[in-house]
Amino acid sequence: GIMSKKALTPEQKKAMEMKYEIAKELGLLEKVKKMGWKGLTSRESGKIGGLMGKKNRENKKNDNQKES
């Protein structure tokens, strides 16, 4: 592919790992492995996106608590 693995920033790598984690939680990991992310329905993608957003917000909250 065009995207070489080296091109991923640490943030992107974290996001990808989180995406796979969530897919696993939702029981979609096998489907992703077989068909790729584009193989998911828009509903399934939306679920993953929603959970990623939620986790990102939670992580930010936790980061802010550490600093104070």
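## A three-helix predicted model

Of the 68 residues in this protein, 16% are buried, where buried means under 20% relative accessible area, exposed over 50% and partly exposed in between, with a 1.4 Å probe and protein chains only. This is a predicted model, in which local features need pLDDT of at least 70, side-chain atom pairs count only at pLDDT 80 or more, and totals for chains, interfaces and linings use all residues. Residues are numbered from 1 along each chain as its sequence is written, and side-chain values use heavy atoms, with hydrogens and water left out.

Let's start with the fold. The protein has 3 helices and 0 strands, in the order α-α-α from the N terminus; helices (H or I, at least four residues) and strands (E, at least two) are DSSP runs, numbered from the N terminus.

| Helix | Residues |
|---|---|
| α1 | 10–25 |
| α2 | 29–35 |
| α3 | 42–67 |

How confident is the predictor? The mean pLDDT, a per-residue confidence from 0 to 100, is 88 for the protein, and 90% of the residues score at least 70. Confidence is highest in helix α2, at 96, and lowest in α3, at a mean of 89.

Now to the interior. The largest nonpolar core is made of 9 residues: M18, I22, A23, L28, L29, V32, L40, I48 and M52. Helices α1, α2 and α3 each give two or more residues to this core, and the largest share, 3 residues, comes from α1. Such a core is a set of buried Ala, Val, Leu, Ile, Met, Phe, Trp, Tyr and Cys residues joined through side-chain atoms within 4.5 Å. In soluble globular proteins, nonpolar side chains tend to be buried together.

One core member, M18, is in contact (heavy atoms within 4.5 Å) with M52, K55, N56 and N59, leaving aside its neighbours within four places in sequence. Of the contacts with a separation of 6 or more, 42% are between residues 24 or more positions apart.

Is E44 buried or exposed? E44, which lies in helix α3, counts as buried because its relative accessibility is 18%. Beyond its neighbours within four places in sequence, E44 is in contact with L28 and K31.

Finally, a charge and a ring: the charged end of K19 sits over the ring of W37, 4.4 Å from its centre. The cut-offs here are NZ of Lys or CZ of Arg within 6 Å of the ring centre and within 35 degrees of the ring normal.

Note on methods
pLDDT is the predictor's confidence in each residue, from 0 to 100.
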